[in-house]
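Here is a short note to help you find your way around this structure. Please have the view open as you read.

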Amino acid sequence: MKNKVNEIKISYREKLNMSKALVIKSSADAAQLIFKQWNRDTIGFQESFKVLLLNNANKIKGIYQVSTGSITGTIVDMRILFAVIIKTLSVGVILVHNHPSGKLKPSEADKQLTNKIQNASKLFDVNVLDHLIITPNGEYYSFADNDLL
């Protein structure tokens, strides 16, 4: 027992053919996809943070929900976020979270988090292509379109 350690296994399996995956060409493409995937029962109730995982052709590998929080905020654990990004061999990401209040303007905390993720992503050669804020009424705000990335 003294010399035994846990085995670590890392795996990633694509179940869908990537040649048929959706390509994200703009913030509008990303917003349209995310609105289709977001639970309409909770978008106006509590804040959640998701990441769209992309290959180097900007094809969607998948969407992962990183955290779910309260009415006014959610906590993003950088270790979990980057574990998912690295495990999926993603080279680009689009960050997304909702504002149940319907307010589109990013808070200072939103800007700081984006900056923190963007700085960390450089260490792994991962591009943060955008950060979207979505609202229950179907509107979105793009950090990239507003020169915040």
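The points below go through the cores, a helix and some ring contacts.

1. A word on the basis: this is a predicted model, where local features need pLDDT of at least 70, side-chain atom pairs count only at pLDDT 80 or more, and totals for chains, interfaces and linings use all residues. Residues are numbered from 1 along each chain as its sequence is written, and side-chain values use heavy atoms, with hydrogens and water left out.

2. Start with the largest nonpolar core (buried Ala, Val, Leu, Ile, Met, Phe, Trp, Tyr and Cys residues joined through side-chain atoms within 4.5 Å; buried is under 20% relative accessible area, 1.4 Å probe, protein chains only). Among its 17 residues, L81, V93 and I117 touch the most other members. At least two residues each come from β1, α2 (78–87), β3 and α3 (108–123), and α2 gives the most, with five. Helices (H or I, at least four residues) and strands (E, at least two) are DSSP runs, numbered from the N terminus.

3. Beyond neighbours within four places in sequence, L81 contacts (heavy atoms within 4.5 Å) V51, V66, V76 and I117. A second, separate core has 15 residues, including W38, I43, L52 and L54.

4. Now look at helix α1 (residues 27–37), where S27, A30, A31, L33, I34 and F35 are buried. Their cover includes β1 (48–54), β2 (60–68), β3 (92–98), β4 (127–134) and β5 (140–142).

5. Finally, the charged end of K50 sits over the ring of W38, 4.2 Å from its centre (the rule: NZ of Lys or CZ of Arg within 6 Å of the ring centre and within 35 degrees of the ring normal).

Definitions and conventions: Buried means under 20% relative accessible area, exposed over 50%, partly exposed in between (1.4 Å probe, protein chains only).
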